[in-house]
Amino acid sequence: MSVVAIIGGQWGDEGKGRVVDLLAQHAHMVIRYSGGNNAGHTVINDRGTFKLHLVPAGIFNPETTNIIGTGVVVDPAALLEELAMLAEAGVTFDNLYISDRAHVIMPYHREQDRIQESLRGDGRIGTTGRGVGPAYGDKMERIGIRMGDLLHADTLHQHLARALDAKNTWLQAYGGKAQPLQALHQQFVDYGHQLRAYIKPTHPLVQQALSRGQDVLLEGAQASLLDVDWGTYPYVTSSAPGAAGACQGAGIGPRQVSHVLGVFKAYTTRIGGGPFPTELTDETGNLLRERGHEYGTTTGRPRRCGWFDAVAARYVVELNGIDYMVWTKLDILDTLPTIRICTSYKLRGETIHYVPSSIAELSQVEPIYEDLPGWQTPTDALRTFDDLPPNAKRYLQRLEELTGVPTAIISVGPARQSSIERVPVAELFA
Ligand code: IMP
C-alpha cells in the first residue's frame, strides 16, 4: 500500500493535473484535498483535453475512486458545470464522492471576494475571484455552509439565516447587494438534489481503502509558496496546499504518507500579485510565456515568468518533506542559449539562503544566478533520461544537487505520454 501526495512546489500551475493523471492509472483512489475552483488542472489524454477545477484528475479511470475531500471548498454551480462538460465528453462519474464536511462557496462569497479586491486598490492580491478566500474565512469564523447541509432543507435554512445576518450587513456596508434568504435557500436545496448521489461521509471510504492496502493519491491544488502560513503572505491563497494540508484535508494521518512528490516547472511562473525575485520582464520572460502557453487555466490572465529559484525550492522541499521531484515543461527551455538558476539572494548587501517572511524584504532581494549552457535541441519527443542532450542532463542534475532531492519524472510535453520516468510510476506505489 502507498499513499503518494502530489504537491505544487512553486506558485501554482506547475502541471500537477498531468502528473496526477499519469499516476492515477495506478491508483485505487484519488483525493483532492484543498482549494476550490480557483485551481485549473489541465489533463490531456486519449479522451481529449480537459480543464478540471474541482473534480479529481483520477476521474478518467473508471476503476479509481475520486474524492473531493473535506479540505476543499465547493461551488456547486461550478461543479455541476464541470460534470456536464465531462458527461458531454462521455466520461462517467459514478466513481465520484464529495465529502459532506467540505464547505460550500456561496454567491455572497464571490461578491465579497470582488469587493475586498477593489478595496485593496494597488495592494490587491489578484485573486481568481471565485470566492475561495471568503468561504475559508467563514469556515474559520464558524458560519460556513457544508455540503452535507444541502441535503437537509431545515438545517440549511437555519445555517443560511445565521450566515446571511453577518454577510448582508457586510455587503451592504460596502455597496454590495444583500442576498435574499428564501431564493438562496431554494437554489441550494436544488443543488443538493442534483448532487445527492455524490455527497457522502468520505472518512469510511478512505479508511477502507487504507485498511485494504490500496494505493491512494493525494491531489494538491495551488502550491507551497501560496500557503497561507508559509507562502508570500498576504499574496497567498487561503488554504494549506502542502503535505500537512494534504493529511488534514483528506483525513489521513501523516505516518500513512509514503512519498511526497514535489512538482516544479523547470523555470518559475506566478499569477496575481506578490513578490517574485527571479521574474523576467524582458524578452526571455515573453519567450517563456509564449512557448509555455503561460496563461491562467481558470482566469486566462498572463502568467509572470522567470528563472528557477533554488532558494525557494529548497524551502519548499523542507516544508513538505519532498522525497521525489517531478520536473515539468523542460521542453520550454529548448531554444535558450543560456539558462540561469537562482542559488542565493542578496539582501542589503548580504548573501542569504532563505526566503524572508517579510514581503517588503522579499521584494528587495536580488537573485544571485549561476549560468548553465542551454541545449538548443528539441526534447519533446524524448522518452528516456539517457536520450536527453548532455546540457539538459547537466541542468537537471544541478537542480537535484541544489534541492537535494532525486528526480522521479520529467515532462517534456503536455500529453500523458510526454514523460520520462526516472523512477517507474509503479515503483512509487510499491
Ligand atoms: P484565491 O485563491 O482566488 O484567493 O487567489 C489568491 C492568490 O492565489 C492569487 O494570487 C491567485 O492568482 C493565486 N492562485 C489561486 N489558485 C491558483 C492556482 O491554481 N494557480 C496559480 N495561482 C493560483
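In the predicted model, D21 is buried, with a relative accessible area of 1%. Because burial is assigned under 20% relative accessible area, the value of 1% places D21 in the buried class. This aspartate is found in helix α1, which covers residues 16-24. When residues up to four places away in sequence are not counted, D21 touches V43, I44, N45, A57, F60 and R416.

Helix α12 comprises 14 residues, 390-403. At 1.5 Å a residue, a helix of 14 residues should span 20 Å, and the end C-alpha atoms of α12 are 20 Å apart, so the expected and computed spans agree. Just after α12, G404 takes a positive phi of about 75 degrees. The buried residues of the helix are A392, Y395, L396, L399, E400, L402 and T403. An α-helix has 3.6 residues a turn, so residues three or four places apart point the same way. The buried residues of α12 pack against one helix, α10 (310-320), and against the strands β14 (308-309), β15 (324-328), β16 (338-347), β18 (366-373) and β19 (407-411).

Within α12, Y395 is one of the buried residues. Leaving aside neighbours within four places in sequence, Y395 is in contact with A266, F308, L330, L333, I339, I341, L372 and W375. The largest nonpolar core contains 68 residues, of which L218 and Y395 touch the most other members. Helix α10 gives the most to this core, with seven residues. A second, separate core has 60 residues, among them L22, L160, L195 and V423.

Internal voids were examined next. Rolling a probe the size of a water molecule over the atoms shows where empty space is left. The count comes to one cavity of 30 Å³ or more. The largest cavity has a volume of about 50 Å³. The lining of the largest cavity consists of G9, Q10, W11, L225, F264, T268, F308, D309, A312, A313 and V316. By residue type, this lining divides into seven nonpolar, three polar and one charged. Both β14 and α10 supply at least two residues each to the lining, and α10 gives the most, with three residues.

Helix α10 thus recurs in several of these descriptions. It gives the most to the lining of the largest cavity and is among the elements against which the buried residues of α12 pack. F308 likewise appears twice, as a lining residue of the largest cavity and as a contact of Y395.

Terms used:
Residues are numbered from 1 along each chain as its sequence is written. This is a predicted model: local features need pLDDT of at least 70, side-chain atom pairs count only at pLDDT 80 or more; totals for chains, interfaces and linings use all residues. Side-chain values use heavy atoms; hydrogens and water are left out. Helices (H or I, at least four residues) and strands (E, at least two) are DSSP runs, numbered from the N terminus. The expected span of a helix is 1.5 Å times one less than its number of residues. Buried means under 20% relative accessible area, exposed over 50%, partly exposed in between (1.4 Å probe, protein chains only). Contact means heavy atoms within 4.5 Å. On a 1 Å grid over the protein atoms alone, a cavity is a set of points where a 1.4 Å probe fits but cannot get out, and a pocket is an open set with protein on both sides within 12 Å along at least five of seven lines; lining residues have an atom within 4 Å of a point. Grid points are joined across faces, edges and corners, and a volume is the space filled by probe spheres set on the points. Ala, Val, Leu, Ile, Met, Phe, Trp, Tyr, Cys and Pro count as nonpolar, Asp, Glu, Lys and Arg as charged, and the others, Gly among them, as polar. A nonpolar core is a set of buried Ala, Val, Leu, Ile, Met, Phe, Trp, Tyr and Cys residues joined through side-chain atoms within 4.5 Å.
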